[in-house]
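Student: I'm new to this one and would like a close look at a single part. Could you take me through the opening helix and what it packs against?

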Amino acid sequence: MIWIGWIVAVLLFGIAFAGLVYPIIPSVIFILAGFLAYGFIVSFEELTWMFWVIEVLFVVLLFGADTVANLVGVKRFGGSKAGMWGSTFGLLVGPFVIPVAGILAGPFIGAIIAELVITRSGIKQAFKTGIGSVVGFLTSVAVKGVIMVIMIAIFLFFLG
């Protein structure tokens, strides 16, 4: 049963990491599902209350990192709230409209369109906001990836 527990957990962790580049996949849910699957299949004995408290704090950190990275990326490049929403919409739609390249083109185009149409910014500012959205997305991916690796390392530590 231990092997099955590890295989299921690792598969769920893999899906979570795929969620870094496909934001439609809720990474944090798959990380937690990996912990729970291991516990149900093998045992919850090593996963103490301290483990769960630490992991829940990292979950909160993951959500915060995602929001802050996008906000800082767009704002640092002079974008508005409309640019942020356009970037988020583009991030969700882009990969489906333009497979592979849409993950970067979506937020970029979404931010530019939102800045041009809603806030009526000039093309130069809209372009800067688009770049900021891509920088924010890439920063978010890097930070979330590091946090997820730390969460899995803590899981491994508690399993001893």
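Tutor: Let's begin with the whole chain, then go to that helix, its aromatic surroundings and a few other spots.

A word on the ground rules: this is a predicted model, where local features need pLDDT of at least 70, side-chain atom pairs count only at pLDDT 80 or more, and totals for chains, interfaces and linings use all residues. Residues are numbered from 1 along each chain as its sequence is written, and side-chain values use heavy atoms, with hydrogens and water left out.

The protein chain has 6 helices and 0 strands (DSSP runs numbered from the N terminus: H or I of at least four residues for a helix, E of at least two for a strand). Its C-alpha atoms fill a box of roughly 60 × 30 × 20 Å along the principal axes. Of the 160 residues, 42% are buried (under 20% relative accessible area; exposed is over 50% and partly exposed lies in between, using a 1.4 Å probe on protein chains only).

Now your helix. α1 covers residues 2-18, which is 17 residues, and from first C-alpha to last it reaches 24 Å, close to the 24 Å expected (1.5 Å times one less than the number of residues). Gly-5, Ala-9, Leu-12, Phe-13 and Ala-16 are its buried residues. Looking down the axis of α1, you find them within an arc of 100 degrees, so they line one face of the helix (the arc is taken from the directions between the helix axis and the C-beta atoms). Turned away from that buried side is a face carrying the exposed residues Trp-3 and Leu-11. What do the buried residues of α1 pack against? Their partners are α2 (27-41) and α6 (123-159), going by contact (heavy atoms within 4.5 Å).

Phe-13 also belongs to an aromatic cluster, together with Trp-6, Phe-35, Tyr-38, Phe-51, Trp-52, Phe-155, Phe-157 and Phe-158. Rings of Phe, Tyr and Trp (its six-membered ring) pair if their centres lie within 6.5 Å, and planes under 30 degrees apart are stacked, over 60 edge-to-face and the rest tilted. That rule gives 14 aromatic pairs. Take Tyr-38 and Phe-155: their ring centres are 5.4 Å apart and their planes at 90 degrees, so this pair is edge-to-face. It ties together distant parts of the chain, since Tyr-38 sits in helix α2 and Phe-155 in helix α6, 117 residues apart. Tyr-38 and Phe-155 are both buried. Phe-157 and Phe-158 make another edge-to-face pair, at 5.8 Å centre to centre with 85 degrees between the planes. Phe-157, though, is exposed, with a relative accessible area of 65%.

Follow α6 and you also come to Ser-133. This serine is buried, at a relative accessible area of 1%. Setting aside neighbours within four places in sequence, Ser-133 is in contact with Gly-73, Val-74, Ser-87, Pro-107, Phe-108 and Ala-111. Across the protein chain, among contacts between residues at least 6 apart in sequence, 66% join residues at least 24 apart.
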